[in-house]
Amino acid sequence: MKTRIQNIFENMEFKQKILVMFIAASMLLSILLSFGFYNRSAETIQENYRKSMENSLTALTKSFDSIMRDAYSAGVYAASDQTIQDLMTETESFQDLEEELIRYKNLNSAIQSVYCYLDDADVLVKLGSEGAQITENTEAVTGWMEEIRSMQADRPLTPVFLKDSTSLIQHNYFTFEQDVIDDSGETIGFIFVNVDERDIWFQSLQNSVGDGIDSYIVLGEHNLVASAEQTNLLNTSLVISEDSFTVTADMSMSDYRIISVSDKAAMLSDIKSARNYILAFALLLNFFFCVPIYSMVRRLMQPINDLEETMEHLKEGDLSARAEVYHHDEIGRLTENFNDMLAKMEELIDELVKERMLKKEAEIEALQYQITPHFMYNTLASIKYAAMIGRGEKVPELLQAFTELLRISASDRGSFITVEQEVHMVENYVRLQRFRYDNSFAVSFAVESQTENFYVPRLLIQPLVENAILHGLDHKQKDNRIHVDIRQKERNLEIRVMDNGSGMTEEEIVDLLNGTKRTKFSGIGINNIKERLKLYYGDKGELRYESSPGEGTEAVIILPVSDNPDRYTI
C-alpha cells in the first residue's frame, strides 16, 4: 500500500504535488488542532473527575472505617466484659450470655451477628438477626475459627473477609476476632463480631453510585474483591479494563482500600462529539479553499514550467536555449544560475566529470585486484600447511571455509558487502589461521546488532586481522588475543581491531601509515585500505593506529554509516 501511494505521488506533476502538499498540510493542521483540543480537554476533565472522586472516596472510607471501628470496639468490649467471662464458664444455660451479647450487637446496625465460642462447653453461641443459636463444635466450625484467627493474628485492626461456613446460608462477613482471657490469664473462648458485606454495600457504597458511569469496589490483600455491586466478583482478583478510569483511596483503620472504576468512554463522550464537529468543520473549510489554492499554485508554477521547457530543449541537444527570468526571487535566481550553467555544461561533462570518474573507476578496480590475490595466496598457504602436517581429515573443513571466503572476496556483486558478510568472511579466515597456528590465539567479536546490515567495502576488516595474526602476535605464547569491535557512533561506523601483541612505536606507526618504510606489519593491506577509504569516502573515511611497545596494537577505521550498497559506489 505504501509503495503504491509513493508511485502515485512520484508520477504527479510538480504543481499537483504542491497542491496536494498544501491541502494535506492544512488538513493535518486541522486534525492536529482537533486532537490537541480533545487531548487537552480530556486531561482537564479526567483531572477534575479525579479530584471529585478523591473527595467522594474520602467520605466513603470514613463511613467504612466508622462501621469497622464500631465492630472492632464491640469485640474488644465484649471480650473484656467480666459478666460475659463469668457466663462463659457456666454451661447450664446460655440465655443470660445471649442477653449480654445482644448489647454489643446493637452498637451498630451494620453488625450482623456476634458469635461466642466457649472453650469448656466446646460450643459456638451465635446471636444474629434471626435470634440465638447454639452450634456444637464441628470440623467446619473449627476450620472457620482457625482460619480467621490465623489471618487476623498479624493485623488485629483489619477484619477478615470470609464466607461463614458454620451456617447453612453462608454469608460473606467482615469478621473481627478477640480472645477472651480470664483473670488467671487463660483463654476461655473467643468473640467474633461479623459485619455482612451486603450491609456494607447498601449502607456505604450503593448510595454513592452515580449515573452508571462509576462503580465502587472494596479491595483486600492480593487485589481480591471484598465488596462490590456484583456479588459474583467477591473473592476474585480484580481485572480492570484499559478503557477504565480508576481512583484509589486507602482505609485509614484497616488494610482495605476502595477503588472507583469509571467508564472513560462515557466520561469523555461529550468532548468526543465536540472534537468530531470541529474536525468535520475544518475539513469542509479546507475543501472550499482548494480552488483559490489551485489558482495560486498555477501562478507560482509558471517560472518552473519555463525551466522545464528549456530542459526539454537541452535534452534534444540545443545548448543555446535559455529560460525566462520572471522575478528576482529564489526561483528567478535559480533560473539565472541555470542559464549561466548552460554555457559551461559541455566543458564540465567532457573535461571534468568524465575524466575524473573514469580515473576513480580504474583505481578502484586496480586496488581490488591487488588485495584479492594477496588474500588468496595467504589462505591457500594455510590449507597447504594443514595437509603437510598430517591433518588431512581437516582439509575438507578448511576448503569449505576457504570456498566461502573465495565466494565473498571474489564475487562480482559489487564493491560493497554488509558488515554481517564481512564478519562472516573474517570468521572463516580466522578458522583457517587458528588451525595453522595450532590455536595459539583467540579472536572475539563484538558487533552491535543494528550495524550488521550496514555496507562497507569488501575485504576491509580481513587485512587488519591478518596483520595482527601474522605480524602482531607472538605465536610461541598461548595467551594471544584479538578482539574485533564494530559499533555505530552517531552517523559514523567505528571498526576496531585490537591485539595484545608486542605493539609498535610512534615512528613505526607513522612509517606504516605513510608507506615510507616497511615495518613488521604488512604494508599491502594497510595501503590498500587507506586508498580505498580515500576514493570511496574522501575526507569522511579514516584509518589510524594506536599502539605502544608491549601494550598491543589497535587499528581503528572510521567511515560514514550506509545502508545502501550503491551510495558510495564509484
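Is T451 buried or exposed? Select T451 and look: T451 is buried, with a relative accessible area of 0%. We'll come back to its surroundings in a moment. One caution before you start clicking: this is a predicted model.

**The whole chain**

Start zoomed out, with the cartoon on. The protein chain has 15 helices and 17 strands. Colour by accessibility if your viewer can do that: of the 570 residues in the chain, 42% are buried. A contact map is worth a glance too. Take the contacts between residues at least 6 apart in sequence, and 63% of them join residues at least 24 apart.

**Stop 1: around T451**

Zoom back to T451, which sits in the loop between β12 (441-447) and β13 (455-457). Show sticks for V419, I486, R487, Q488 and L493. Leaving out residues up to four places away in sequence, these are what T451 touches. V419 is worth keeping on screen, as it is one of the buried residues of α12, and that helix comes next.

**Stop 2: α12 and α13**

Select 419-436 for helix α12 and 462-472 for helix α13. Their axes come within 10 Å and cross at roughly 20 degrees, so the two helices are roughly parallel to each other. As for handedness, α12 passes α13 in a right-handed crossing. To see who makes the contact, show E422, M425, V426, Y429, V430, Q433 and R436 on α12, then Q462, V465, E466, I469 and L470 on α13.

Now hide α13 and stay with α12. Put a distance between its end C-alpha atoms: they are 26 Å apart, which agrees with the 26 Å that its 18 residues should span at 1.5 Å a residue. Its buried residues are V419, E422, V423, M425, V426, N428, Y429, V430, L432, Q433 and F435.

Step past the end of α12 to D438, which follows the helix and has a positive phi, near 55 degrees.

**Stop 3: two more positive phi values**

Pull up a Ramachandran plot if you have one. L459 is not a glycine, yet its phi is positive, about 55 degrees. You'll find L459 in the loop between β13 and α13. With 1% relative accessibility, L459 counts as buried.

Then jump to N223, another residue other than glycine with a positive phi, near 65 degrees. N223 belongs to the loop between β7 (214-219) and β8 (225-227). At 27% relative accessibility, N223 counts as partly exposed.

**Stop 4: α5 and the strands around it**

Select 139-152. This is helix α5, with 14 residues; from first C-alpha to last it reaches 20 Å, close to the 20 Å expected at 1.5 Å a residue. Which residues of α5 are buried? They are V141, W144, M145, I148 and Q152. Look straight down the helix axis and those buried residues fall within an arc of 95 degrees, so they line one face of the helix. Spin to the face turned away from the buried side and you meet the exposed residues E139 and S150.

What do the buried residues of α5 pack against? Turn on β1 (111-118), β2 (123-128), β3 (131-136), β4 (160-163), β5 (172-181) and β6 (187-196) to see their partners.

**Stop 5: sequence distance against space**

Three pairs to try with the distance tool, C-alpha to C-alpha.

- V20 and C290: 270 residues apart in sequence, 9.6 Å apart in space. V20 lies in helix α2 (residues 14-80) and is partly exposed, with a relative accessible area of 34%.
- N564 and F454: 110 residues apart in sequence, 7.6 Å apart in space. N564 lies in the segment after β17 (553-560) and is partly exposed, at 36% relative accessible area.
- A323 and L307: 16 residues apart in sequence, 5.6 Å apart in space.

Stay on A323 for the last view. A323 lies in the loop between α9 (290-315) and α10 (330-388). At 9% relative accessibility, A323 counts as buried. Show D306, L307, T310, T335 and N339 as sticks: A323 touches these residues, not counting those up to four places away in sequence.

Methods. Residues are numbered from 1 along each chain as its sequence is written. This is a predicted model: local features need pLDDT of at least 70, side-chain atom pairs count only at pLDDT 80 or more; totals for chains, interfaces and linings use all residues. Side-chain values use heavy atoms; hydrogens and water are left out. Helices (H or I, at least four residues) and strands (E, at least two) are DSSP runs, numbered from the N terminus. The expected span of a helix is 1.5 Å times one less than its number of residues. Buried means under 20% relative accessible area, exposed over 50%, partly exposed in between (1.4 Å probe, protein chains only). The arc is that of the directions from the helix axis to the C-beta atoms. Contact means heavy atoms within 4.5 Å. Axes are lines fitted to C-alpha atoms, for helices over the stretch in contact, and angles run from 0 to 180 degrees between N-to-C directions. Angles under 35 degrees count as roughly parallel, over 145 as roughly antiparallel, 65 to 115 as roughly perpendicular and the rest as oblique. A crossing is left-handed if the near helix is turned anticlockwise from the far one by less than a right angle, and right-handed if clockwise.
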